[in-house]
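Here are a few exercises to try with the model open in your viewer. Have a go at each one before you read its solution.

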Amino acid sequence: MTVRPPEVTVAYWKKVLILTGAALVLGPAVAAGQQLTEEERFRELRNAMVRDQIEAKGVSDSETLRAMRNVPRHLFVAEPRRANAYEDRPLPIEEGQTISQPYIVGYMTEIIGPRPGMKILEIGTGSGYQAAVLAETGAQVFSIEIFAFLAAQAANRLDGLGYRVQVRHADGFDGWPEEAPFDAIIVTAAAGFIPPPLLDQLKPGGRMIIPVGSIYGIQNLVRVDKREDGSLQSETLLPVRFVPLLRSTG
Ligand code: SAH
């Protein structure tokens with residue numbers, strides 16, 4: 001009969017204890033590490049997007065670049081499209097609409113130069129991404145969306161991410177008279193002409209950026225400045241392609 005020396009048993013249990021301890025300590029750490037990696041992967045893609053697609057094409061406003069580095073664009077598209085969220089192209093969202101190309105978002109944001117305390121109106125909330133970029137700078141953002149579903153989805157999403165944006169479901173052609181005047185107005189759907197109510201709701205010294213043109217033909221981004229005396233000055237900047245500014249029939 002062989003008797004196992006007690007030292008072996010003790011050593012054995014010590015090993016078991018050490019391994020169990022290691023698993024208990026390392027298991028959650030490894031799991032957390034994986035989550036961090038996913039987040040970090042998107043952050044790296046985002047930094048590359050800002051560097052290669054936005055800064056490289058001439059956008060230089062530091063607040064615009066900082067905001068776009070911080071807003072998680074992948075959370076503004078449906079899950080199957082997240083992997084494409086940092087490519088330089090528009091992506092489809094619900095209701096046949098699109099989230100604009102990142103470069104165009106950067107370009108338009110730089111034109112209006114959002115800063116803390118500025119009051120900004122956006123027409124065409126869509127996914128809520130442009131509104132989030134504006135809010136990230138500390139500006140006070142009001143955004144109007146014509147599709148009820150998109151307005152509700154964007155409001156929830158922005159709220160969940162901690163962006164304080166007021167979203168209204170309405171036809172943005174009429175602007176938001178109760179909150180006017182605005183330091184800046186950004187229209188993210190193409191209009192045949194500039195809606196007069198929006199010009200009225202722009203502060204003297206304020207600025208608007210809007211794609212103007214037909215849905216089938218040529219559209220251009222137009223910058224409109226309202227001088228202190230109330231007169232308007234506009235400049236055509238860049239050919240673009242946006243979804244049309246719709247009109248509510250009710
Ligand atoms: N800024 C959005 C993308 C805009 S796509 C983003 O960052 O995701 C244009 C949006 O304008 C669409 O969601 C469309 O439904 C909306 N839209 C079109 N006509 C409108 C109108 N008259 N008033 C308000 N929103 C309108």
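**Exercise 1: the core**

Find the largest nonpolar core in this predicted model and the element that feeds it most.

Solution. Start with the count: the largest nonpolar core has 56 residues. Next, pick out those with the most contacts inside it, which are Ile120, Ala131, Val133, Val141, Ile185, Ile186 and Val187. Then sort the core by element: α4 gives the largest share, six residues. Finally, zoom in on Val187: leaving out residues up to four places away in sequence, it touches Ile123, Gly124, Ile210, Pro211 and Leu245.

**Exercise 2: two elements, two settings**

Work out whether α4 and β9 are enclosed or in the open.

Solution. Take α4 first: Tyr129, Gln130, Ala131, Ala132, Val133, Leu134, Ala135 and Glu136 are buried. That is eight of eight, so the rest of the structure largely encloses α4. Just past its end, Gly138 has a positive phi of about 95°. Now β9, residues 232-240: zero of its nine residues are buried, so this strand lies largely in the open. Its partner is β8 (residues 219-226), antiparallel over eight bridges, with Gln219 opposite Val240. Five residues separate the two strands of this hairpin, and Gly230 in the turn has a positive phi of about 90°.

**Exercise 3: the ligand shell**

Describe the residues around the ligand.

Solution. There are 24 of them, and Gly124, Gly126, Ser127, Gln130 and Gly172 come nearest. By element, β2 (98-99), α4 (129-136) and β4 (140-145) each give two or more. By class, the shell splits into 12 nonpolar, nine polar and three charged residues.

Key. Residues are numbered from 1 along each chain as its sequence is written. This is a predicted model: local features need pLDDT of at least 70, side-chain atom pairs count only at pLDDT 80 or more; totals for chains, interfaces and linings use all residues. A residue is near a molecule or strand if its C-beta atom, placed from the backbone, lies within 6 Å of it. Helices (H or I, at least four residues) and strands (E, at least two) are DSSP runs, numbered from the N terminus. Ala, Val, Leu, Ile, Met, Phe, Trp, Tyr, Cys and Pro count as nonpolar, Asp, Glu, Lys and Arg as charged, and the others, Gly among them, as polar. A residue is buried if 20 or more other C-beta atoms lie within 10 Å of its own, exposed if 12 or fewer, and partly exposed in between; C-beta atoms are placed from the backbone. A nonpolar core is a set of buried Ala, Val, Leu, Ile, Met, Phe, Trp, Tyr and Cys residues joined through C-beta atoms within 7 Å. Two residues are in contact if their C-beta atoms, placed from the backbone, lie within 7 Å. Two strands pair if DSSP finds at least two bridges between them.
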